[in-house]
Amino acid sequence: MLELIYEKQAGCLTGQSFDSKTHTCAVFCDISKAFDRVWHKGLIFKLKQQWVRGSLLNWISNYLGNREQRVIVGQSYSDVKHVKAGVFQGSVIGPLLFLVYDNDITLHILSITRLFADDTSIASTTSTIDDLQSIINHDLRDISKWSKQWLVTFNPDTTEVLYFGNCQPNHLYWNSITPFYQQLSDDCKWHTHINNICCTSSKILGILRKR
């Protein structure tokens with residue numbers, strides 16, 4: 001569902017880009033082990049910034065704190081380690097705490113931004129390719145700076161980039177970021193993307209038939 005939302009947003013920007021002969025780029029950032037990366041002290045600090053005080057703050061602090069973990073394999077036990085990061089997946093409050101933690105990631109970003117749980121996307125449309133590259137690189141640097149400050153790891157290898165225009169940017173801040181690709185054809189249709197999906201599906205079906 002989230003991918004469909006992103007494609008719809010990208011499609012709207014793309015239609016405008018083709019109509020006005022501008023350049024559009026959307027970057028969908030991937031956080032590695034997002035819920036496990038929430039630094040407890042940083043989260044408490046951000047809760048205080050949101051004026052969470054008193055009994056509620058103490059309750060959340062106690063809920064997160066004093067947790068330990070160890071690995072057991074057969075009769076072997078690892079040393080006990082204190083857990084200093086992570087909100088608990090499957091809990092009711094976990095997604096909310098994560099949203100509090102990463103909500104300020106967009107504070108200095110110039111592009112259009114969309115946050116949904118651990119998915120972060122930025123998108124921009126400009127009249128020149130140089131302006132587009134400058135804005136996207138500015139925002140990627142800001143995201144990288146934020147991630148280092150708050151001990152979150154973004155994975156450039158699984159970050160997706162969509163670009164629509166007649167020439168592609170030749171450099172991005174994340175050197176290992178997924179190369180730019182174009183899903184829409186010049187007539188603003190999805191033929192290329194659909195053909196690629198059909199080709200991939202046919203290969204998988206062929207393997208299943210052989211079994």
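Helices (H or I, at least four residues) and strands (E, at least two) are DSSP runs, numbered from the N terminus. The model is predicted: local features need pLDDT of at least 70, side-chain atom pairs count only at pLDDT 80 or more, and totals for chains, interfaces and linings use all residues. Residues are numbered from 1 along each chain as its sequence is written, and side-chain values use heavy atoms, with hydrogens and water left out.

**Exercise 1.** Locate Trp 51 and Leu 151, and state the sign of phi and the exposure of each.

Solution.
1. Trp 51 sits in the loop between helix 2 and helix 3.
2. Its phi is positive, about 65 degrees, although Trp 51 is not a glycine.
3. Most residues other than glycine have a negative phi.
4. Exposure is graded by relative accessible area: buried is under 20%, exposed over 50%, partly exposed in between (1.4 Å probe, protein chains only). Trp 51 has 69%, so it is exposed.
5. Leu 151 belongs to the loop between helix 5 and strand 8; its phi is also positive, near 60 degrees.
6. With 48% relative accessibility, Leu 151 is partly exposed.

**Exercise 2.** Determine whether Trp 150 is buried or exposed, and list its contacts beyond four places in sequence.

Solution.
1. Trp 150 lies in the loop between helix 5 and strand 8.
2. Its relative accessible area is 9%, so Trp 150 is buried.
3. Contact means heavy atoms within 4.5 Å. Leaving aside neighbours within four places in sequence, Trp 150 contacts Arg 37, Trp 39, Gly 42, Phe 45, Lys 46, Tyr 101 and Asp 104.
4. For Trp 39, 111 residues away along the chain, the C-alpha separation from Trp 150 is 7.1 Å.

**Exercise 3.** Describe the largest nonpolar core and the elements that build it.

Solution.
1. A nonpolar core is a set of buried Ala, Val, Leu, Ile, Met, Phe, Trp, Tyr and Cys residues joined through side-chain atoms within 4.5 Å.
2. The largest core has 33 residues, of which Val 27, Leu 43, Val 87 and Phe 154 touch the most other members.
3. Elements giving two or more residues to this core include strand 1 (23-30), helix 2 (40-49) and strand 8 (160-164).
4. Helix 5 supplies the largest share, 6 residues.
5. A separate core of 5 residues includes Ala 26, Ala 123, Leu 162 and Phe 164.

**Exercise 4.** How are strand 1 and strand 8 paired?

Solution.
1. Strands pair if DSSP finds at least two bridges between them.
2. Strand 1 and strand 8 run antiparallel and are joined by 5 bridges.
3. Val 27 stands opposite Val 161 of strand 8.
4. Of the 5 residues in strand 8, 4 are buried, so this strand is largely enclosed by the rest of the structure.
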